[in-house]
Amino acid sequence: QVQLVESGGGLVQAGGSLGVNCTTSVRLPSNYAMGWFRQAPGKEREFVAAISWAGLRTYYGDSFRDRATISRDDAKKAVDLHMDSLKPEDTAVYYCAAADARGWAPDRIAKFTSEYAYWGQGTQVTVSS
């Protein structure tokens, strides 16, 4: 069982930056590919960013390409998401997720919710105009 706890959300002005953090209950690196998703009220959960289990590859959704950086700190058992140039439409609950990557190539990433078995409770990010 993998437990994920997000933190770092909050209120930020448009154009600002914010980092959200995901702490895991498993030692990194391990056979888990990690990802971030977001969900705004009334909308489906949307892919934001992912990193392969070996940390060899990152991938970003269209909404955050060139505006976000996902990284993992194995010593802290954490995966961070840093977001720049935030817009009011980025307001959402941001979720950390872990996918069982046993048997995956070290550069394979997961970008669909169905690929992830473990989810955190989410952290609210609000961007004011």
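Modeller: Strands here are DSSP runs of E, at least two residues long, numbered from the N terminus. This is a predicted model in which local features need pLDDT of at least 70 and side-chain atom pairs count only at pLDDT 80 or more, while totals for chains, interfaces and linings use all residues. Residues are numbered from 1 along each chain as its sequence is written, and side-chain values use heavy atoms, with hydrogens and water left out.

Colleague: Which strand supplies the largest share of the largest nonpolar core?

Modeller: A nonpolar core is a set of buried (under 20% relative accessible area, 1.4 Å probe, protein chains only) Ala, Val, Leu, Ile, Met, Phe, Trp, Tyr and Cys residues joined through side-chain atoms within 4.5 Å. The largest one has 29 residues, of which Leu4, Met34, Trp36, Ile70, Leu81, Met83 and Tyr94 touch the most other members. At least two residues of this core come from each of several strands, including strand 4 (32–39), strand 7 (68–73) and strand 8 (78–83), but the largest share, four residues, comes from strand 9.

Colleague: How many residues are in the other core?

Modeller: Ile70 has contacts (heavy atoms within 4.5 Å) that include Met34, Trp36, Tyr60 and Leu81, leaving aside residues up to four places away in sequence. Apart from the largest core lies another, with Ala33, Ala97, Ala99 and Tyr116 among its members, and its residue count is eleven.

Colleague: Where does Ser85, with its positive phi, lie?

Modeller: Ser85 is not a glycine, yet its phi is about 50°. Ser85 counts as partly exposed (between 20% and 50%) at 42% relative accessibility. Its place is the loop between strand 8 and strand 9.

Colleague: What is the relative accessible area of Lys77?

Modeller: Lys77, also not a glycine, has a positive phi of about 55° and lies in the loop between strand 7 and strand 8. Lys77 is partly exposed, and its relative accessible area is 31%.
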